[in-house]
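Colleague: I should like a close look at a single part of this model, explained for a first-year student. Please begin with one pair of facing residues and then place that part among its surroundings.

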Amino acid sequence: MIIIIGDVHWKAKEPYRTKISEYLDWLYETYPKATVIFTGDFFDKSNPHSEDEVDYALDYVLKFPDVHIVTGNHEISSKTGNPLTPLRRISNLHIYQQPTEVLIENQKFLMLPFLYNIKKMKEKYEAMTNQVDYVVSHIAYPGTNRGSEDEINLSGIQCKAWFYGHIHDPQDIGKHHIIGVPNTTRHGEQDWQKRLVIIENGDYRFENTVDRVTFETIKFGEEPQNKYSILNIQEAPSVSAVLKKYKGYYIRPEGIKLSTETNDKMSYNQQKDFMNFSLESNFEVFKKDIEIRKPVEQKIYQLFSLIPA
């Protein structure tokens, strides 16, 4: 069995980290012997990554017998390179940074990663005439990314079906399938159906899954139903009051709506409260990242330093 999963966007920010780990726990418990293919953007940022992020990634993907990751645009950086590169040393983990044909469980796949030079990528991919069973790519199907240059026509390739990462909204255009994200990665995605692809005996099908990231909209003073939900707070007297009342919860700053007593406008002091909170919060996150951040290469090479060449 082969399972294809859309863009994970692994990030340190909670509750996203906890929720994607819950998703991958479920995936392993349900399909422990499956070969897993990720369509790209496994990480949410190119570099650097904290030790925790790398440890989380290794803890979950190494459970599966065989894992394939296509490079996405979030893993591309002209300055810091590709954080997936050192992971190539792991025997059951296959990283695709260039177009590659590969045989997986008697099915021929063409892996098409996102390339740094978009113009050359477009020219190269649109000229392809490969004959394979399936295509897994991290590009946009024409008409799905507001006319962006990374919309690429792969019609020259002959196959049973094309599977796309990159675009988060699941869509099906004939045999071209945009899988969509497995969990909500940002506000606005929570109403989209989450799904994965299963390939067995040469045929494919979709399985709908549960989005583990939840949002709640409540009035100031009400208690959330789920401790781990991301909260939108309405009719709040001030931002500082929200932060005090709901300390320890996940607050969406853009979702704080002040009460009608303020005519839906922040006073000078309320704006100052919000700015001070945002700056202080961001600075604390920055300091924490600086304290724990190490390059992926150092972490991986440490991990394998005891393995004979």
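Modeller: Let us begin with Leu103, which has Lys108 of strand E6 opposite it. The model is a predicted one, and every statement below should be read with that in mind. The two strands concerned are E5, residues 100–104, and E6, residues 107–112; they pair in the antiparallel sense, and five bridges link them. Together E5 and E6 make a hairpin that has two residues between its strands. In the turn, Glu105 has a positive phi of about 50°. In a regular strand, side chains alternate between the two faces of the sheet.

From this hairpin we may turn to the sheets. One open sheet holds six strands, in the order E4-E3-E2-E1-E11-E12, and its pairing is mixed. Its edge strands are E4 (93–96) and E12 (203–209), each of which pairs on one side only. From one strand to the next, the twist averages 20°. At one end of that order, strand E3 (residues 66–70) runs parallel to E4, and four bridges join the two. Within this pairing, Ile69 has Ile95 in E4 as its bridge partner.

A further open sheet has three strands in the order E13-E14-E15, and here the pairing is parallel. Strands E13 (215–219) and E15 (250–251) stand at the edges with a single partner strand each, so one side of each has no neighbour in the sheet. E13 and strand E14 (residues 230–234) run parallel and are joined by five bridges. Ile218 has Ile233 of E14 as its bridge partner.

Next comes the nonpolar interior. The largest nonpolar core has 29 residues, among which Leu27, Phe38 and Phe42 touch the most other members. Two or more residues come from each of strand E1 (2–5), helix H1 (16–30), strand E2 (35–38), H2, E3, E4 and strand E11 (194–200). Helix H2 gives the most, with five residues. In soluble globular proteins, nonpolar side chains tend to be buried together.

The structure also holds two cavities of 30 Å³ or more. The second largest has a volume of about 50 Å³. Phe42 and Ile69 are among the residues that line this second cavity, as are Val54, Ala57, Leu58 and Val61. Helix H2 (residues 51–61) gives the most to that lining, with four residues. The lining divides into nine nonpolar residues, no polar and no charged ones.

The largest cavity has a volume of about 60 Å³. Its lining includes Trp10, Lys11, Tyr16, Arg17, Asn183 and Val213. By type, the lining residues of this largest cavity are five nonpolar, four polar and two charged.

One last residue deserves a separate word. Ser259 lies in the loop between E15 and helix H5 (268–292). Is Ser259 buried or exposed? Its relative accessible area is 12%, so Ser259 counts as buried, the cut-off being under 20%. In sequence Ser259 is 21 residues apart from Ser238, while in space the two are 8.1 Å apart, C-alpha to C-alpha.

Technical notes. Residues numbered from 1 in each chain as written. Predicted model: local features only at pLDDT ≥ 70, side-chain atom pairs only at ≥ 80, totals over all residues. Heavy atoms only, no water. Pairing = 2+ DSSP bridges. Axes fitted to C-alpha atoms, helices over the stretch in contact; angles between N-to-C directions. 1 Å grid on protein atoms, 1.4 Å probe; cavity = no way out; pocket = protein on both sides within 12 Å on 5 of 7 lines; lining within 4 Å. Points joined across faces, edges and corners; volume = space filled by probe spheres on them. Nonpolar A, V, L, I, M, F, W, Y, C, P; charged D, E, K, R; others polar. Core = buried A, V, L, I, M, F, W, Y, C linked by side-chain atoms within 4.5 Å. Buried < 20%, exposed > 50% of the residue type's maximum accessible area, 1.4 Å probe, protein only.
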